[in-house]
Structures are given as structure tokens and as C-alpha cells.
Amino acid sequence: MFCIRIHEHGGLDKLVFEEIPAPVAGPGEVLIRVKATSLNHLDLWVRRGLPGVRFPLPIIPGVDAAGIVQETGPGVTHVSPGDRVVVAQGISCGHCTHCLNGNDNLCKDYKLLGEHRNGADAEYLAVPARNVIRLPDSVPFESAAAGALVFLTAWQMLVDRAQVRPGEVVLVIGASSGVGSAGIQIAKLHGARVIGVTIGEDKTAKARELGCDEVIDRGKRNIAEEVRRLTQKRGVDVVFDHVGKAVWEDCIKSLTKGGRLVTCGATSGHEAVTDLRYVFYKQLQILGSTMGKKGDLIKIMTFFEQGALKPVIDRIMPLKEVREAHRILEEGGQFGKIVLAV
């Protein structure tokens, strides 16, 4: 099969298009003919390398995958060759307390496609059968690949961790990103008022079209000061963040008393400074979140089918143009997800 592989960390030239033997479906596994995948910031980190983190090189990147079942291994009964499917990206042991309680993303052996094992930037992908979910006929492969990871992540952040409620005010940092665009929609689905944060007039306009009630251009305005103005000095109930260091102080200051900050990442840096006086005086909660439960992906696909949630696709590019796709994501030139057609 043809695939993208990383043999050593570095720049765009480390993304190598090459041909290798295709995987096979072992017992309890499913082999998928990948039709679409998408880029996430994780792909950039795997390619560049991270201090203190060892990736299993060479590795095929790519976390998201949607496609058609090519073959099934012994013991697989819930899907058959020819079925349209989407892949749950997190692979867990399946038998620990967390897995059996449905909290598979808390498993100590939790691994992500494209980070700990070969991913979806390839013609074929073999995964455990429990990670394969039927894809409704009305949901395009490109939408499934664009939405699976970011909507699952945003769902856990807002619904499970922050427990957003109707009438609350949610501040979505990075509104133009894949996870940010998902967060906007999920917050609106649950009856919240949404204030988005992005940079640039074009992205500001698109965030409004997506459902934001107000949008802050952080290239022109201070986030905390604008939140104070827009909420009549009250602050927001929930801050949805994945940017980290560059906005952390404003995130803390933007919360109302008893507010919750939920974070799933730190694309601008992880060494954020927290003024604890705000935390204890305002009785704030700071909540961490990683990925989500596989079962919630079924629920999310139902919302996709109904049109209640819609993945935001910036552009669709051929797999061979993965270097250009990485460049665009690195420069932040997209609104929503960059999809790679395989």
C-alpha cells in the first residue's frame, strides 16, 4: 500500500510518501480501506518531535479515519466487508476497570492511532474491532474523518467534564480550529450563549456564521476585558481552552464565580502561570480532558446524520499533498479541518 511515513523528526521533508506491505486483519481486528483522514495538531508534534517523548519510528501519522471494511479477522461479527465505517481513535486494553466501566480513555494502556502505533495516512488501516463504528449512509467519509476526533474531544470537555447547562455563557478559545468549531456547536446544542475567540476579520465572521453570539478578535482586543464588557462584568460560566500559555491568564480572569475552565491541550505552550488567588477566591474549577468515550462517538454520528452537528471542513486535499497540508496547519491558515482524501 501507499502511505505517509515519518522516519525521523523534523520539517516538512520528513513526511515521506512511500510503498510498504499492507497490514492484515488478525483475530478480533478489522482491515479498513481508508477513504479520508484529517490533520490534527498531534500530527505536527509527531512529525517535529517533542522533548522527552519517544515516538515509535518509523510511524504512519494520522489519527482520524473513515472508510470501507476490506476484511474482518476471526471473531468479528458486527461489521462485514463493504460496510462504511468510522474509527474511534483511542485504543485501550478492553478489560481494566476503566474500560469495563465505559471510561476507556482513562485506561493506563490507552494509545492513539498515529502517535503510539501506525495511523490513517495510508491506503489501509488495521484496528481492533471494538474501535470500528458503522457510518450512516448520509454522512460523507470526509465529514466523518473531519469530525470524529474533534467532536469527541469537545463533547467530553463540555458535556462530561464542564457539564454545560442551558442559559450558561461559554467562552470558546480558538474558535477557528477543528475542536473549537466543534465546541461552538456542542455548546449551542445544549442551550448556551457562546463567545468565540479567534484572530482576523475573516475568521471572526465565520465564527459568527457557525453560531457564536459574540466573537472576540484577540489580535485587536484583550480577551478578559472584552468578556467583562460583553457579560456586564459578570464573566463566563465555562471556558473551553486548548491553546494554553498564550491565553491562560485571560481564561482564568474571564470566569465568573464558581466557573469552570476545561482544557484539552496547549498548542501555544504548556508552561502557563496560574494566579491561585483567582482560583480560591472565585471558587473556580480547572478540569483536564483527553479524548472521550468510544460510545459517545455513536451518539455524535447520530447528530451528524440529523444535521444537528456538522464538521467544518476548510479544504480537502490529496494524501500526496500532506506536506502542504501540514504547512497550512502550522501557519494557522485554516478555519476548521483539513481533510486528506486517500
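Helices (H or I, at least four residues) and strands (E, at least two) are DSSP runs, numbered from the N terminus. Just after one such helix, α10 (322–331), Gly332 takes a positive phi of about 70 degrees. The model is predicted: local features need pLDDT of at least 70, side-chain atom pairs count only at pLDDT 80 or more, and totals for chains, interfaces and linings use all residues. Residues are numbered from 1 along each chain as its sequence is written, and side-chain values use heavy atoms, with hydrogens and water left out.

**Pockets**

- On a 1 Å grid over the protein atoms alone, a pocket is an open set of points where a 1.4 Å probe fits, with protein on both sides within 12 Å along at least five of seven lines; lining residues have an atom within 4 Å of a point.
- The largest pocket holds about 960 Å³ of space, a volume being the space filled by probe spheres set on the points, which are joined across faces, edges and corners.
- Its lining comprises 35 residues, of which His41, Leu42, Trp45, Cys264 and Gly265 are the closest to the centre.
- Two or more lining residues of the largest pocket come from each of α1 (41–48), α3 (141–161), α4 (178–189) and β17 (337–341).
- By class, this lining has 17 nonpolar, 16 polar and two charged residues, where Ala, Val, Leu, Ile, Met, Phe, Trp, Tyr, Cys and Pro count as nonpolar, Asp, Glu, Lys and Arg as charged, and the others, Gly among them, as polar.
- The second largest pocket holds about 460 Å³; among its 22 lining residues, His41, Arg218, Val243, Thr267 and Gly332 are the closest to its centre.
- Elements giving two or more residues to the second lining are α1, β11 (193–198) and α10, with α1 giving the most, at four residues.
- The second lining divides into seven nonpolar, ten polar and five charged residues.

**Helices α10 and α6**

- In α10, the buried residues (under 20% relative accessible area, 1.4 Å probe, protein chains only) are Val322, Ala325, His326, Ile328 and Leu329.
- They lie on the same side of α10, because they cover an arc of only 160 degrees around the axis, the arc being that of the directions from the helix axis to the C-beta atoms.
- These buried residues pack against β1 (2–6), β2 (15–19), α1, β16 (313–318) and β17, contact meaning heavy atoms within 4.5 Å.
- Helix α6 (residues 223–230) has Ile223, Ala224, Glu226, Val227 and Leu230 as its buried residues, and their arc of only 165 degrees puts them on the same side of the helix.
- Glu225 and Arg229, both exposed (over 50%), are carried on the face of α6 turned away from its buried side.
- The buried residues of α6 pack against β10 (169–173), β11, β12 (214–217), β13 and α7 (248–254).

**Phe240**

- Phe240 is found in strand β13 (residues 236–241) and is buried, with a relative accessible area of 0%.
- The C-alpha atoms of Phe240 and Val172 are separated by 4.9 Å, although the two residues are 68 apart along the chain.
- Beyond its neighbours within four places in sequence, Phe240 has contacts that include Ala154, Leu158, Val172, Gly183 and Val262.

**Cysteines**

- The whole structure contains zero disulfides, a disulfide being a pair of cysteine sulfur atoms within 2.5 Å.
- For Cys99, the nearest cysteine sulfur is that of Cys96, 3.6 Å away; Cys99 counts as buried at 13% relative accessibility.
- For Cys251, the nearest cysteine sulfur is that of Cys264, 12 Å away; Cys251 is buried, with a relative accessible area of 0%.
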